[in-house]
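Colleague: Got a minute? I'd like to go through this model with you, and I'm new to the vocabulary.

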Amino acid sequence: MAVEGGMKCVKFLLYVLLLAFCAFAVGLIAVGIGAQLVLNQTITPGTTPGSLLPVVIIAVGAFLFLVAFVGCCGACKENYCLMITFAIFLSLIMLVEVAAAIAGYVFRDKVIPEFNKDFRQQMQNYPQNNHTASILDSMQEDFKCCGAANYTDWEKILMVAKRVPDSCCVNVTQGCGINFNVKDIHTEGCVEKIGGWLRDKLLVVAAAALGIAFVEVLGIVFACCLVKSIRSGYEVM
């Protein structure tokens, strides 16, 4: 039995929300992939709980897309079971997103200490590992920084006075880090600069998760209204 009256409007709004959920899902997957690529360049994979965040984001995005598809099928066919399933799973996703947003906000101040620990560990491997050296050089060039706390950290690693990686130079050229002038290199440390950037991005992701969760609440309400209408139709029949 087809829904009538105001429920047609609710059904239309639900379709709009389902389209938005699909867009959110694709966005979450893209953000998760992007975050994974960034973490691969800044934090050694598997060393911190934060390295699992991109995987969680991608999984939530994929699950949200699947749930939105179920909701679309349920709304189109006005199927009671599908709409109940949609409402339940969407509620679970909303709870996960709210929990993730709260966790991101609570642990935001641990980003810099964790990054500091990992960055210094990678600095120790710089002379022996070309892959690690490439990652650190890329970070120092992109963020215009040098060392963990400052450029003097490299003296303990390279065991040579007045020597830093060439990536510390303002104008990067081969050998520019040997017998440098301080005015020709970036003196600010990478931990505060990159760690602060990661912390800010974490807060943005947390805020976005709360925003999506709010929209999902509307989807749950509309789904419940449609479920009630479908059930009333069954009782009349």
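Modeller: Sure, one bit of vocabulary to begin with: a crossing is left-handed if the near helix is turned anticlockwise from the far one by less than a right angle, and right-handed if clockwise. Also keep in mind that this is a predicted model.

Colleague: OK, so which hand is the crossing of helix 2 and helix 3, left or right?

Modeller: Left-handed: that is how helix 2 passes helix 3.

Colleague: And at what angle do helix 2 and helix 3 pack?

Modeller: About 155°, and their axes are 8 Å apart. That makes helix 2 roughly antiparallel to helix 3, because angles over 145 degrees count that way. In general, two packed helices are described by the angle between their axes and the distance between the axes.

Colleague: Nice. What makes up the nonpolar surface patch?

Modeller: Phe63, Leu66, Phe69, Ile88, Phe89, Leu92 and Leu95 do, and the patch covers about 660 Å². Helix 2 and helix 3 each put in at least two residues.

Colleague: Which helix gives the largest share of the nonpolar patch?

Modeller: Helix 3, with four residues. Phe89 sits in that helix, and its relative accessible area is 34%, so Phe89 is partly exposed.

Colleague: Switching topic: how many salt bridges are there?

Modeller: Three. The idea is simple: side chains of opposite charge can pair when their charged atoms come close.

Colleague: Let's take Lys11. What does Lys11 pair with?

Modeller: Glu78, at 2.9 Å from N to O. This pair links distant parts of the chain, as Lys11 belongs to helix 1 (residues 6-42) and Glu78 to the loop between helix 2 (53-77) and helix 3 (80-106), 67 residues apart.

Colleague: Are Lys11 and Glu78 buried or exposed?

Modeller: Buried, both Lys11 and Glu78.

Colleague: What about Lys183, what is its salt-bridge partner?

Modeller: Asp184, with 3.6 Å from N to O. Lys183 counts as exposed because its relative accessibility is 69%, whereas Asp184, at 35%, is partly exposed.

Colleague: And which residue does Lys193 bridge to?

Modeller: To Glu188, where the closest N and O atoms are 3.7 Å apart. Lys193 has 30% relative accessibility, so it counts as partly exposed. Glu188 is partly exposed too, at 42%.

Colleague: Why isn't Lys193 called buried?

Modeller: Because buried means under 20% relative accessible area, and Lys193 is at 30%.

Colleague: Makes sense. Now backbone stuff: what is odd about the phi of Lys162?

Modeller: Its phi is positive, about 55°, although Lys162 is not a glycine. For background, most residues other than glycine have a negative phi.

Colleague: Where does Lys162 sit?

Modeller: In the loop between helix 6 (153-158) and helix 7 (190-236). With a relative accessible area of 36%, Lys162 is partly exposed.

Colleague: And Asn179, what's its phi?

Modeller: Positive as well, about 50°, and Asn179 is not a glycine either. Asn179 is in the loop between helix 6 and helix 7, and it counts as exposed because its relative accessibility is 59%.

Colleague: Last one: how far apart are Phe24 and Gly104?

Modeller: In sequence, 80 residues; in space, 19 Å from C-alpha to C-alpha. Phe24 is in helix 1, and at 26% relative accessible area Phe24 is partly exposed.

Methods. Residues numbered from 1 in each chain as written. Predicted model: local features only at pLDDT ≥ 70, side-chain atom pairs only at ≥ 80, totals over all residues. Heavy atoms only, no water. Salt bridge = Lys/Arg side-chain N within 4 Å of Asp/Glu carboxyl O. Buried < 20%, exposed > 50% of the residue type's maximum accessible area, 1.4 Å probe, protein only. Patch = residues over 30% accessible without salt bridge, like charges linked within 9 Å, V, L, I, M, F, W, Y side chains within 5 Å. Areas by Shrake-Rupley, 256 points an atom, 1.4 Å probe, with all protein chains shown as cover. Axes fitted to C-alpha atoms, helices over the stretch in contact; angles between N-to-C directions. Parallel < 35°, antiparallel > 145°, perpendicular 65-115°, else oblique.
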